[in-house]
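Please open the model in your viewer and keep the sequence at hand, since this tour moves from one selection to the next.

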Amino acid sequence: MARRGCAGLGIKTKRFLASIPEDVRAYADALHFPIIELPFHVRLGSIVNQTLSAILNVQTLEMKEAMAAHQTFSESVMSGKGLSHLLTTVSDVVSLPVYLLNHQSILVATSGEDHSNLETLNKSISGKQQCFLSQTHHTYFSLVDSKQVVTAFAVEMSNITKGMLVVLSDTPLTHRTILTLEQATNVIAFEVMKENAVKQYTQRARNEFFKNYLDDAFLTNDEVLSRAKEFDIYNNQQFSCFVGKMDAREASLGFKQNVIEVEKVFALIEEELAMFAIPTYFFMNGNYCCILAEETGEVHPSDWHSPTRMMVEMIQDHVIQQLGRSVSFGISNICHEFLDVKAGYSEALNALNSGLLSGNRQFIQAYHTKDVSELLRMIPGEDLRSFCEYTLQRIDDPDLLHTLAVYLETHCQITETANRLYVHRNTVIYRLEKIEDLLGKKVNEPETTLQLRIAFRIHPTLNASL
């Protein structure tokens, strides 16, 4: 009976046995197995009924407490105060601090401001997340330093990742507390799902805006910037643009399965981006994703030690570790303002397709500038504007500017300039002399000609960004 886990043995004496033999008592004591001497006048039915009633009362009380806790947690969710308020409610019910960690053991929300145990928790959990998250109900262990008991419950965070509800206590949790926390994990999963639904709605709106921007659906740049501001994107920020695509498998997938796979990969990339300190904006455009990363340093994102490049490389590794899929990216030149992002997207897409044509996988390829206009776009617009105004500021007559532009186009040929302008040759000479007086230098000198040519090349670029 002891080996099979029985709770104890009740024996009625005075009927067949005068007393319980001493050797039986000694053996029971050695097994830590209780023997209960039952009064002769008590009926067995009464004992069974009272025992079952006591057991059922305890179980009923536990169930009532769990349901009451579930009701409290549900009311917290319905109040719309968010995940942190829900965890505070859970903490108040169980009178213990609670932490919600994601699949990488990074804090998502907590019941209080005290984060002193987080570092110790991360060290203890590091490398064991999959073991903890694979548990059906919960698992627990002790911290070496503080001797506190850590109880971890798996929580569904999305359709591809699980998190952990972690509770710290000085002693192992009671069965009632565990039941209450199991109810809490269900409600927390619902709250996370609700918040994810809001994020998905915002993401769809953001994707629609970005697609319209790439397709020139907006009438003016002011309209583009006004819509971008709704997503906290401002024109005076610098960006690097990463365009990514999931690498094709050898075994082709059906259309429906491929869409599901792409959504899983992109959802994980967006989750991973939130773990980094670099401000980023994530967009999806069909089978492609776009990461706009704010750039504040002087390191180009194509450099190996660039923070944004290292961030994307880490995300690539996490995707292949968790989903077994690889993703490749192309990088644009620096976009000095948001209105440059359309050209930056085209550059990054060009770099990505170039790498895919080479048969590479899980790569990050930078775009290489091909012409002067692209080279000029790499310079901040304010610097270009200053150079253009400095070079041409004294020439305020449109006829003189037009004459100078044609003169440079014809390689400083006066006769050809006159023919194109349908004016007399002497008129061209007169205008050029007037231009030279305004500039204080000869327009056919190599250095002056180069500066003027660059200024005229910049001018359309500036107008396009207005």
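Two strands are counted as paired here if DSSP finds at least two bridges between them. In this predicted model, begin by selecting residues 239-246, which are strand 8, together with residues 327-331, which are strand 11; these two run antiparallel and are joined by five bridges. Within that pair, pick out G244 and look for its bridge partner in strand 11, which is F329.

Next, select residues 341-357, helix 10, which packs on the sheet and touches strand 8, strand 9, strand 10, strand 11 and strand 12, with a direction about 40 degrees from that of strand 8. The sheet beneath this selection is an open one of five strands in the order 9-10-8-11-12, and its pairing is mixed. Strand 9 (280-285) and strand 12 (364-366) stand at its edges with a single partner strand each, so one side of each has no neighbour in the sheet.

Now move to residues 98-101, strand 3, and residues 162-169, strand 7, an antiparallel pair joined by four bridges, in which L100 of strand 3 has L165 of strand 7 as its bridge partner. Adding helix 6 (residues 175-214) to the view shows a helix that packs on this sheet, touching strand 3, strand 5, strand 6 (149-156) and strand 7, and whose direction makes about 40 degrees with that of strand 6.

Finally, show the whole of this second sheet, which is open and has five antiparallel strands in the order 4-3-7-6-5. Which strands stand at the edges? They are strand 4 (107-110) and strand 5 (138-142), each with a single partner strand.

How values were computed. Residues are numbered from 1 along each chain as its sequence is written. This is a predicted model: local features need pLDDT of at least 70, side-chain atom pairs count only at pLDDT 80 or more; totals for chains, interfaces and linings use all residues. Side-chain values use heavy atoms; hydrogens and water are left out. Contact means heavy atoms within 4.5 Å. Axes are lines fitted to C-alpha atoms, for helices over the stretch in contact, and angles run from 0 to 180 degrees between N-to-C directions.
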